[in-house]
Amino acid sequence: MNKEEPVIIVGAGLSGLRIASLLTAEGFNCRVLEARERIGGRVLTKEIAKRLDLGRFDLGPTWFWPSYERTITRLVAELGLKTFEQYNEGLMLLERSRNEPVQQYVLPEGAAERSVRIMGGVQSLINAIAATLPSETIQLNTRVTSIHLEADGAITLEDEATRDRIHAGAVILTLPPRLVAQNISFWPELPSDLVASMLNKPTWMAAQAKAIAVYERPFWREQGLSGLASSWVGPLQEIHDASPETGAGALFGFFGVPAKTRQELGEEKVLKLVVEQLVRLFGPSAENVSSLLYKDWSRDLDTAVDEDAEPLREYPSYGPLARVESWKKIIFAGTETAYEQGGHLEGALQSSERAVAELIELDKTY
């Protein structure tokens, strides 16, 4: 394989950008194609319009665990990014029903594994990796809809909307496997057992939505509360302190309400129920919201397919997809293909390192 032939990486999320950075350092010519108009994939960090002083908030992945997620811990240090510990000091709340008072619990020492967050949000990690790439490496608004293996062994990718045809020496797909199986056609077709395996890997986060209530200060800490809460009532099932390292306060929650129900209710009603729940849990001060942020990943067509609307009942069986003899120059990456920590930022980075190692090995045979 000639290093001058471009390696096309599909997807500008954490996996895709890290692969491009590693391959560029090895002397490969890379291009990253992204369907969205932004980089980051399922990493999404938002600011409050006209209130930038309140900070930045993650509507996708939020933290990582340094004690056993060594790949991301090492990379964050290498890039010079600053971190701070997730706030868990104080009492935890438990809401069993609307007819019972909210219960308070002291978390046993060591019950919560130490996790850390990146200052400025996880988008800071995305931006730092992207900054290592040559200009024009990333091409946004480019949706790969078909991949052809030509008779001479060349690979051609096509964007159906623009009819752009892009030639590649090799392709690394970092999209969720279900998106690849349903949205990209291959010629010749991929083996049916491989397609079945791809469809059987639920997309991490795809059934979820995340709401963040932003306040002028983390008032619950003054009450001796950690911001951590569990609810059997909902709509939020699990709540955490999402405050920046200084200044403003924020609470975020994962929903127990299924995707279909959220869509039937609509965003306005969902957020009204969220504030009502936060008031039940944290008192009247929770009504004084400076801003509400909301992201329903099940409605993001660049993340989820219809099957992903079903909530996960157990941790999915993730891991690498089988290599196909006739498609040697296509490599599957992304967090759902990681040996360990599939679904996490750590899994995305581990899959990146594996994909790069596979490509370098492939390069030796051509």
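**Close-up views of a four-strand sheet**

**View A. Antiparallel pairing of β10 and β11**. In this predicted model, strand β10 (residues 146–149) and strand β11 (residues 155–159) pair in the antiparallel sense over 4 bridges; two strands pair if DSSP finds at least two bridges between them, and strands are DSSP runs (E, at least two residues) numbered from the N terminus. S146 of this pair stands opposite E158 in β11. The hairpin of β10 and β11 has 5 residues between the strands, and G153 takes a positive phi near 95° there.

**View B. Parallel pairing of β10 and β14**. β10 and strand β14 (residues 185–187) are joined in the parallel sense over 3 bridges. W187 in β14 is the bridge partner of H148.

**View C. The open sheet**. The 4 strands follow the order β12-β11-β10-β14, with mixed pairing. Because β12 (164–168) and β14 stand at the edges with a single partner strand each, one side of each is left without a neighbour in the sheet. The twist averages 20° from one strand to the next, with axes as lines fitted to C-alpha atoms and angles running from 0 to 180 degrees between N-to-C directions.

**Notes.** Residues are numbered from 1 along each chain as its sequence is written, and side-chain values use heavy atoms, leaving out hydrogens and water. Local features need pLDDT of at least 70 and side-chain atom pairs count only at pLDDT 80 or more, whereas totals for chains, interfaces and linings use all residues.
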